[in-house]
Amino acid sequence: MKQLRLSIIGFGTVGQGLAELLFGKEALLKQDYGLDVKLVSVANSRHGFIYRENGLDISMLLELAAARRPLTEHPGVSHWDNALEGLRATGGDVLAEATGTNLRDAEPGVSHIRTALSQGMHVVTANKGPAALYAQELFALAQAHGVQLRLESTVMAGTPVISTLREGMAGAQVQAMRGILNGTTNYILSAMAAGRDYTDVLTEAQAQGYAEADPTADVEGYDAVAKTLILAALVFGRSLRPEQVARQGITHITREQMQQAREQGKRIKLVASLRLLQEPAAGANTQTAPLEARVEPMALPENDPLARVDGVINAIAIQSDTLPEVTVIGPGAGRLQTGQGLLSDLIAIARK
Ligand SMILES: NC(=O)c1ccc[n+]([C@@H]2O[C@H](COP(=O)([O-])OP(=O)(O)OC[C@H]3O[C@@H](n4cnc5c(N)ncnc54)[C@H](OP(=O)(O)O)[C@@H]3O)[C@@H](O)[C@H]2O)c1
């Protein structure tokens, strides 16, 4: 039985989703994967970092979090006010980083990840900020310390996009990809295609928890830009800056434009795309060919696989030299759906 000592920093929707999966799947992980995951530390911003050498009681932590009671009420724990200090003092085998995304400087997540990698811990993360802004640096740091950094849940939550690209499609030269990578905007556009107004649908999406109170990151395309940057780094080995992605959101789209598209047999979708502008010679390094990166509303013909993806569901269509088009469709958000991405990364680490 392989034991992994896990630290979860960021114990909100996603951190708790991972904890719930670890609790519910404890027997499966042991039986099917020979894996015993011991959660030794957890942190949030309100209560700081708690650690217990012999492992924390996950169901108790979930109850405390649900009641918004201090995590320090867990018996027998050591406590640090600050997650970084706690992590430095205690360590572990794997850090699951699930603090909020910050696309300006990626803090506090990037400091948590740098610290963990530098002290020889593997890292799995759902946090888009560090992955979008610092992927290359962090992969180099992981390599220098002989550990893994895995990012499955940063793009389309637990739907296996990154593992499909990096492992399932290993050896294929990816030439282009197009995706619906933001559930909020797809929910809004799908409802508008059925005749609703932008403002009405946004208000409804906010009431249902599909859209943030400040929806700018979604509706102006910044969230899709972040995922485009992550894919550019992982698939094409490029460190693009956000301003190198041509970006247009969906706020200017009218009900009339949606109807007109429908009459022409088309569906308007917010499409994130990456495309090599020159086809590399067989076997040539794709990292030198010019790469176009865009996030914009596009009218797609109804027979396009992306046109039929509605609601909060996400999808990505990948073109490569050996597989003309592979389309992956699935959830792009959610507590357990995103926790699943972290869990699969954790299992992948244990397998190696
Ligand atoms: N939710 C999804 O469906 C989804 C899908 C894909 C990716 N993601 C990404 O996953 C990450 C987590 O999302 P979420 O929905 O779980 O967010 P969330 O519910 O807001 O949780 C964020 C957690 O981070 C904690 N935190 C913030 N600053 C901290 C610090 N300095 N030290 C320790 N903990 C800190 C917060 O503490 P408090 O509890 O004290 O506020 C909270 O527990 C984000 O980067 C998000 O973009 C989310």
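This report covers a ligand site, a sheet, a pocket and a cavity.

The model is predicted: local features need pLDDT of at least 70, side-chain atom pairs count only at pLDDT 80 or more, and totals for chains, interfaces and linings use all residues. Residues are numbered from 1 along each chain as its sequence is written, and side-chain values use heavy atoms, with hydrogens and water left out.

**Ligand site**

The ligand has 24 residues around it, where near means a heavy atom within 4 Å. Val14, Arg46, Thr99, Thr101 and Gly334 come nearest. By class the shell holds 9 nonpolar, 13 polar and 2 charged residues. Here Ala, Val, Leu, Ile, Met, Phe, Trp, Tyr, Cys and Pro count as nonpolar, Asp, Glu, Lys and Arg as charged, and the others, Gly among them, as polar. Helix H1 (13–24) and strand S2 (35–44) each give at least two residues to this shell. Helices (H or I, at least four residues) and strands (E, at least two) are DSSP runs, numbered from the N terminus.

The table lists polar contacts to ligand oxygen atoms (pairs of N or O atoms within 3.5 Å).

| Residue | Part in contact | Distance to ligand oxygen |
|---|---|---|
| Gly12 | backbone | 3.1 Å |
| Arg46 | side chain | 2.8 Å |
| Thr101 | side chain | 2.7 Å |

Taken alone, the ligand exposes 900 Å², and the protein buries 74% of that. These areas come from the Shrake-Rupley method with a 1.4 Å probe.

**Sheet**

Six strands form an open sheet with mixed pairing, in the order S9-S11-S10-S8-S12-S13. Two strands pair if DSSP finds at least two bridges between them. Strand S9 (246–247) and strand S13 (326–331) are at the edges, each with a single partner strand, so one side of each lacks a neighbour in the sheet. Strands S10 (266–276) and S11 (291–301) run antiparallel, joined by 11 bridges. Lys269 stands opposite Met298 in S11.

**Pocket and cavity**

On a 1 Å grid over the protein atoms alone, a cavity is a set of points where a 1.4 Å probe fits but cannot get out; a pocket is an open set with protein on both sides within 12 Å along at least five of seven lines; lining residues have an atom within 4 Å of a point. A volume is the space filled by probe spheres set on the points.

The second largest pocket has a volume of about 280 Å³. Its lining counts 16 residues, with Phe139, Gln148, Leu149, Arg150 and Arg166 closest to the centre. The lining includes 6 charged residues.

The largest cavity holds about 30 Å³ of space. Its lining includes Met177, Thr228 and Ile316.

Terms used. A polar contact is a pair of N or O atoms within 3.5 Å; within protein, one must be able to donate a hydrogen and the other to accept it, and residues adjacent in sequence count only if both atoms are side-chain atoms.
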